[in-house]
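Here is a short briefing on nonpolar packing in one protein model. Please look at the structure first.

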Amino acid sequence: MSLNIHSSPEHEFEPELGLPEKLPQGEKVLWQGSPDLKTLLLKVFHMKGLVLYFGLLLAYRIISGALDGEAPYPMLLSALQIIIFSSLGLGLIGLLGYLMASTAVYTITNKRVVMRIGIVLNMTFNFPLKQIESADCGLAKDGCGDIYLKLNKETKIAIFHLWPHSRPAKWAVPQPSLRGIKNCAEVAQILVDAWSLQNNVISRSVKINNTESGESKSHFTGVETA
């Protein structure tokens, strides 16, 4: 059984992968991709923090039991229960992350950005480049990153329709986001060029500056893409 959800039956109706309809004449796909599962688990679901939490919980149970003089068998049985339930919880989170990453398809054309997202209920969002005011890019050291789209004031969308494909901490004015993109700087440059042509402005290069991301405590790079 194939694990490639992109080609699963519920997506067979798509005339083109990740698109609700065939592109009109004059429009072409410049880039298409999906979130990187590892990046999604680490940045969205904070998998490292959860593993650390369960590890500390297990260590506390063993140490406290030993200091209280508890018999080895019930102490180890309790520790085993923690391991089982922790593994089950982490496994479910991993499965959720896999489904989110596998069902999401991001597409950049020369006229718009298209996001096909959703596990049970698929939704497709079209963001014409002329409705995008600007975009920011958070880039990690491994080259993966997020591209955050700032839409004009007339374009409104609910955060619950987007999550986790939205910028963290932007609840009042949600910003659709391309999460966990490999070679993020290259994708950002593609967006820059397409946005510049569509809005009749001079194309700009993506400039990388060292900044501190508010979403993570590690160092990220800020890239102004449009």
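N200, just after helix 5, takes a positive phi of about 55°. The model is predicted: local features need pLDDT of at least 70, side-chain atom pairs count only at pLDDT 80 or more, and totals for chains, interfaces and linings use all residues. Residues are numbered from 1 along each chain as its sequence is written, and side-chain values use heavy atoms, with hydrogens and water left out.

**Helix 5**
- Helices (H or I, at least four residues) and strands (E, at least two) are DSSP runs, numbered from the N terminus.
- The 15 residues of helix 5 should span 21 Å at 1.5 Å a residue (1.5 Å times one less than the number of residues). The end C-alpha atoms of helix 5 are 21 Å apart, which agrees.
- Buried residues (under 20% relative accessible area, 1.4 Å probe, protein chains only) in helix 5 include C184, V187, A188, L191 and W195.

**Nonpolar cores**
- A nonpolar core is a set of buried Ala, Val, Leu, Ile, Met, Phe, Trp, Tyr and Cys residues joined through side-chain atoms within 4.5 Å.
- The largest has 27 residues; V113, F127, I132, I147, L149, L178 and L191 touch the most other members.
- Strands 2 to 7 and helix 5 (184–198) each give two or more residues to this core.
- Helix 5 gives the most, with six residues.
- Another core, of seven residues, lies apart from it; among its members are L40, F45, M47 and A101.

**Helix 3**
- L80 sits in helix 3 (residues 72–103).
- L80 is partly exposed (from 20% to 50%), with a relative accessible area of 45%.
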